[in-house]
Structure formats: C-alpha cells, structure tokens
Amino acid sequence: MLGAIVGDIVGSIYEFCNTKSMDFELLNSYSNFTDDSVMTLAVAKWLMEDKAHTINYLICCMQELGHRYPNAGYGTRFGMWLEEEEPQPYNSWGNGAGMRVSPVGLYARTLDEALALAAVTASVSHNHPEGVKGAQAIAASVFLCKQGKSKTEIKEFVEKTFFYNLDRTINEIRPTYDFDVSCQGSVPEAIIAFMEGNTFEEVIRLAISIGGDSDTIGCMAGAIAACMHPIPDDISKKCDAILTDDLREIKDQFISFIEKRNDE
C-alpha cells in the first residue's frame with residue numbers, strides 16, 4: 001500500500017520538471033502526495049467499507065476524498081467528474097485508471113477477482129478498453145507479485161494477457177520518452193521499471209528517470225515493487241509523515257484490514 005504512495009510522493013517534484021537521470025534527490029521540502037495517492041486511498045476505503053463492491057459506493061469514496069483534497073492535481077476532465085452529481089464514465093484511456101488500482105491487487109484472493117475488481121475501479125470514469133486494460137495490468141502485477149510469482153512469470157502473464165511490449169529496457173525507453181498520460185504509454189513502462197529494479201529504491205529511480213508523468217509512473221511501479229522488496233525505513237517514515245492524518249488513517253486501516261483478511 002505504501003509502495004504506491006511513496007512512488008507518488010517521490011515523483012511529485014519531477015512530474016513537471018522531468019529528470020532523465022537516476023541520480024536525483026528522492027525527497028525534499030516540495031515533495032507531497034498527489035491525486036494518485038488520494039484516489040488510491042479512495043479505492044482502499046471502498047474495498048474496506050463496501051462488501052458488495054458497488055459502483056455507487058466507489059464513486060462516493062472517490063468524490064469524498066476528491067472534495068477533501070481538491071487541489072491534489074487532478075486532470076481537467078476528472079476534476080469535472082468529481083464535481084458532478086451523477087458522474088458518468090467518459091471513455092478515458094488515461095493512466096488515472098492504473099494509478100489508483102493497486103489496493104485491488106492486495107485485496108483480491110484470486111487473479112480473477114483482481115481482474116474483475118480492477119475493471120470496476122476503471123469503469124466509473126476510465127471505461128475505454130485501454131483504461132480498463134491498464135488498471136487490470138497493474139492490479140494483476142500486484143496480485144501475482146504478492147503471491148510470490150517471479151518476475152518472469154509476471155512478465156509472461158502481462159504480455160500474454162494485455163499484449164504490452166515488456167522486452168524494452170529503461171535505457172532504451174529513456175532517450176525519446178515524453179510526457180504521456182495514457183495507460184498504453186505509461187503502464188508498460190512502470191512494469192518494466194519493476195522488472196529491472198533489484199531494490200525498491202532502484203525501481204522508483206528507474207521509473208522516474210524516464211521522465212513523463214513521473215508521479216503516476218512512480219506510483220504504479222512502487223505498488224508492484226513493494227510486494228517484492230522492502231521499502232527503506234527512512235523513505236517510508238518520511239513519506240508517511242507527509243500524509244495528512246486522515247489519509248494516514250485510511251492507509252493504516254487498510255494495511256490492518258488486509259493482514260486480517262489474509263489470516264482468515
């Protein structure tokens with residue numbers, strides 16, 4: 001859970017000031033959580049509080065936290081969606097579908113459940129096939145990683161199921177990569193960063209070093225990486241302290257919820 005939030009916070013200062021190097025400052029006084037963390041926690045809240053996993057309650061959770069944090073950096077169209085009385089999906093293929101879905105991978109007990117719930121989280125706004133696909137790819141990667149599957153097994157599943165090209169390297173991607181908010185242009189890159197990194201920090205550095213939508217790519221890569229690699233204590237504590245009390249409470253509650261669920 002914290003992996004996605006850390007990736008978001010670290011990437012927050014590079015979203016509009018991209019770096020193409022792995023040698024960058026992880027955190028400074030400008031580091032903050034963005035819409036990625038807020039919506040990730042909204043999905044976590046939905047999973048904890050609504051056993052039926054209804055679309056209406058998911059929208060309620062997203063709008064509740066969205067209204068509480070209106071300046072978190074939402075895209076223009078999604079910002080409008082947050083304000084609508086009866087919000088409808090708008091056929092988006094944006095990576096907002098992938099950034100918020102990681103709690104599903106942690107919650108699901110089967111791969112099919114992860115894929116189904118991921119589709120629900122995307123469909124309320126990002127119902128374009130590429131939006132749903134991006135959400136499912138991240139949720140499936142998180143689920144498979146927490147199940148102890150190898151990187152090779154995860155790679156094979158993602159390539160076979162979603163037809164993403166994961167044979168590229170970050171060094172090959174980096175020179176020509178530009179700002180791309182689509183799922184198809186950022187989800188594979190986040191997964192590749194996870195594939196290449198040997199530690200949590202290295203995954204985050206790889207993800208952000210390609211430039212582009214840094215907080216979201218970091219969020220997606222960090223969500224998967226945290227299922228395989230421990231987050232360094234100093235990074236974890238600093239990012240945890242950046243969260244507001246209410247967001248931290250949702251995060252902590254979700255972690256406890258998942259631990260109890262795993263023991264059942």
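Start by selecting Phe-179, in the loop between α10 (170–173) and α11 (187–196). The model you have open is a predicted one. Phe-179 is partly exposed, at 37% relative accessible area.

**Stop 1: the nonpolar patch**

Keep Phe-179 and add Phe-16, Trp-93 and Val-181. These four residues make a nonpolar patch on the surface. Together they have about 440 Å² of accessible area.

**Stop 2: the largest pocket**

Now select Asp-35, Gly-73, Tyr-74, Gly-75 and Asn-95. The largest pocket has a volume of about 540 Å³. It is lined by 27 residues, and the five you have just selected are the closest to its centre.

Next, colour the helices that contribute. α2 (35–49), α4 (76–83), α5 (96–99) and α13 (214–225) each supply at least two residues of this lining. Which helix gives the largest share? That is α4, with three residues.

Then colour the lining by class. You should find nine nonpolar, 11 polar and seven charged residues.

**Stop 3: the second largest pocket**

Move on to α15, residues 245–263. This helix gives the most to the lining of the second largest pocket, with five residues. The volume of this pocket is about 240 Å³.

For the whole lining, select these residues:

- Met-1, Leu-2, Leu-106 and Lys-146, among the lining residues
- Ala-226, Cys-227 and Phe-254, also among them
- Ile-255, Ile-258, Glu-259 and Asn-262, which complete the lining

By class, eight of the lining residues are nonpolar, one is polar and two are charged.

**Stop 4: the cavity**

How many cavities of 30 Å³ or more does the structure hold? There is one. The space inside the largest cavity comes to about 40 Å³. Two elements, α1 (2–11) and α6 (102–107), give two or more residues to its lining.

Select Met-1, Gly-3, Ala-4, Ser-102, Leu-106, Val-142, Ala-223 and Cys-227 to see the lining of this cavity. Six of the lining residues are nonpolar and two are polar, with no charged residues. Met-1, Leu-106 and Cys-227 are worth a second look. They are among the residues lining the cavity, and they are also among those lining the second largest pocket.

**Stop 5: the loop after α2**

Select Asp-50, in the loop between α2 and α3 (55–68). Is Asp-50 buried or exposed? Asp-50 is buried, with a relative accessible area of 10%. Draw a line from its C-alpha atom to that of Glu-83. The two atoms are separated by 22 Å, and the residues are 33 apart along the chain.

Stay in the loop between α2 and α3 and pick His-53. Its phi is positive, near 55°, and His-53 is not a glycine. Most residues other than glycine have a negative phi. His-53 counts as buried because its relative accessible area is 14%, under the 20% cut-off.

**Stop 6: another positive phi**

Go to Asn-91, in the loop between α4 and α5. Asn-91 also has a positive phi, about 60°, although it is not a glycine. Its relative accessibility is 46%, so Asn-91 counts as partly exposed.

**Stop 7: salt bridges**

The model has 15 salt bridges. Look at three of them.

Begin with Glu-49 and Lys-45. They form a salt bridge whose closest N and O atoms are 3.0 Å apart. Both residues lie in α2, four residues apart, about one turn of the helix. Glu-49 is partly exposed at 43% relative accessibility, whereas Lys-45 is buried at 10%.

Now extend the selection to Glu-64, Arg-68 and Asp-246. With Lys-45 and Glu-49, they are linked in a network of salt bridges.

Next, go to helix α9, residues 151–162. Here Lys-155 and Glu-159 are four residues apart, about one turn of the helix. They form a salt bridge, with the closest N and O atoms at 3.0 Å. Lys-155 is partly exposed, with 22% relative accessibility.

Finish at Asp-240 and Arg-248. The closest N and O atoms of this salt bridge are 3.8 Å apart. Are these two residues buried or exposed? Both are buried.

Terms used:
Residues are numbered from 1 along each chain as its sequence is written. This is a predicted model: local features need pLDDT of at least 70, side-chain atom pairs count only at pLDDT 80 or more; totals for chains, interfaces and linings use all residues. Side-chain values use heavy atoms; hydrogens and water are left out. Patches are made of residues with over 30% relative accessible area and no salt bridge: like charges are joined within 9 Å, nonpolar side chains (Val, Leu, Ile, Met, Phe, Trp, Tyr) within 5 Å. Accessible areas come from the Shrake-Rupley method with a 1.4 Å probe; for residues, only the protein chains shown count as cover. A salt bridge is a side-chain nitrogen of Lys or Arg within 4 Å of a carboxyl oxygen of Asp or Glu. Buried means under 20% relative accessible area, exposed over 50%, partly exposed in between (1.4 Å probe, protein chains only). On a 1 Å grid over the protein atoms alone, a cavity is a set of points where a 1.4 Å probe fits but cannot get out, and a pocket is an open set with protein on both sides within 12 Å along at least five of seven lines; lining residues have an atom within 4 Å of a point. Grid points are joined across faces, edges and corners, and a volume is the space filled by probe spheres set on the points. Ala, Val, Leu, Ile, Met, Phe, Trp, Tyr, Cys and Pro count as nonpolar, Asp, Glu, Lys and Arg as charged, and the others, Gly among them, as polar.
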